[in-house]
Amino acid sequence: MAGAVNSSSDGSVAQNGINTIVQGWFSEMSPMWPGEAHSLKIEEIIFQGKSDYQDVIVFKSSTYGKVLVLDGVIQVTERDECAYQEMITHLPLCSIPNPRKVLVIGGGDGGVLREVARHTSVEQIDLCEIDSMVVEVSKKYFPSLAVGFEDPRVNLHIGDGVAFLKSVTEGTYDAVIVDSSDPIGPAEELFKKPFFELVARALRPGGVVCTQAESIWLHMHIIEDIVKNCRQIFKGSVNYAWTTVPTYPSGVIGFMLCSTEGPAVDFRHPVNPIDAQESQCDRPLKFYNSEIHSAAFCLPSFARKVIESSSK
Ligand code: JA2
């Protein structure tokens, strides 16, 4: 659970007992990346609050634009959000023909909604975010992300993702995107086996899921667990892809991409390219293209060894 935000007379700010802001610099520290911290210079602290679930900070950095921080961990920056939002969305949606119903779990900033909305085949986009403060803060300070909420196909639910999935009719969705924070905090359950079982149940045969799956440099043990669970649950295919996001720990982040039994999904070869149709759009893609889609599944040998041998 979240600790208090404490500001002291020298201007330093502590979250969960860690001094995250000292002398005008924000440093991202966590037991999930012990012994290292990435720092950003602060121009201005714009918002500080405490929701029912976590500490929330928005600051203007000198090199990455505005930054959203939850419990001391960077979630989004204006400058590099495109890499994360475009990849977590288009890797799954470009891998199946004509996605129609999409569920986003987490993603309360709206960035994934903005990306899903590029797909003209999509008819319904449900989003379940646990923390209404994330939505409110995004609408106020991150309009280029929150624009996603303006699409008429979007239905916003504030609540627990596990409870939402339990309430969903079996086989409803073509795709589920799990845009979550790290497993320390409110997103903990979204990395466990019962959650993946509920996701599989919510998907149609041959439906796809893409989840935020941490860093090959820092979290191979977490990734190994997720892969093992997913191989037991998703009988179509189980894959790991990754991309660069400079403000996430180690500068890379990965995704677990799986499909349920049914029409086969070959994630490495996108069947539903978006590159051509979106170039006429007023907000062109900044990061994703079909080549980077296929390349995202190429793994360094050390990671490939663990992921490929996690089958049993
Ligand atoms: N962070 C979020 C989010 C959706 C809503 C609010 C915050 C992320 N998706 C991704 C965070 C990756 C964390 C890397 N340490």
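This dialogue reads the largest pocket of a predicted model and the ligand placed there.

Student: When I look for a pocket, I would like to begin with its extent and its centre; what volume does the largest pocket have, and which residues are closest to its centre?

Tutor: A volume is best read together with the residues around it. Here the largest pocket has a volume of about 520 Å³, and of the 40 residues that line this pocket, the closest to its centre are Gln75, Asp179, Ser180, Ser181 and Asp182.

Student: Which helices and strands each supply at least two residues of that lining, and which element gives the largest share?

Tutor: Tracing a lining back to its elements shows which parts of the chain to inspect. At least two residues each come from helices H1 (81–93) and H5 (161–167) and from strands E7 (66–70), E8 (73–77), E9 (101–106), E10 (124–129) and E15 (252–259), and the largest share, four residues, belongs to E8.

Student: How does the lining divide by residue character?

Tutor: The lining of the largest pocket divides into 20 nonpolar, 13 polar and seven charged residues.

Student: Where does the ligand sit, and which residues come nearest to it?

Tutor: The ligand takes the space of the largest pocket. Of the 16 residues around the ligand, those that come nearest are Gln75, Gly107, Asp109, Asp179 and Asp182, and this shell divides into seven nonpolar, five polar and four charged residues.

Student: Which side chains place a polar atom by a nitrogen atom of the ligand, and how much of the ligand does the protein bury?

Tutor: Distances between polar atoms come before the area. A polar side-chain atom of Gln75 lies 2.5 Å from a ligand nitrogen atom, a polar side-chain atom of Asp179 also lies 2.5 Å from a ligand nitrogen, and for Asp182 the distance is 2.9 Å. Taken alone, the ligand exposes 400 Å², of which the protein buries 97%.

Conventions
Residues numbered from 1 in each chain as written. Predicted model: local features only at pLDDT ≥ 70, side-chain atom pairs only at ≥ 80, totals over all residues. Heavy atoms only, no water. 1 Å grid on protein atoms, 1.4 Å probe; cavity = no way out; pocket = protein on both sides within 12 Å on 5 of 7 lines; lining within 4 Å. Points joined across faces, edges and corners; volume = space filled by probe spheres on them. Nonpolar A, V, L, I, M, F, W, Y, C, P; charged D, E, K, R; others polar. Near = heavy atom within 4 Å. Polar contact = N/O pair within 3.5 Å; in protein donor to acceptor, adjacent residues only side chain to side chain. Areas by Shrake-Rupley, 256 points an atom, 1.4 Å probe, with all protein chains shown as cover. Sits in = over half its atoms within 2 Å of the grid points.
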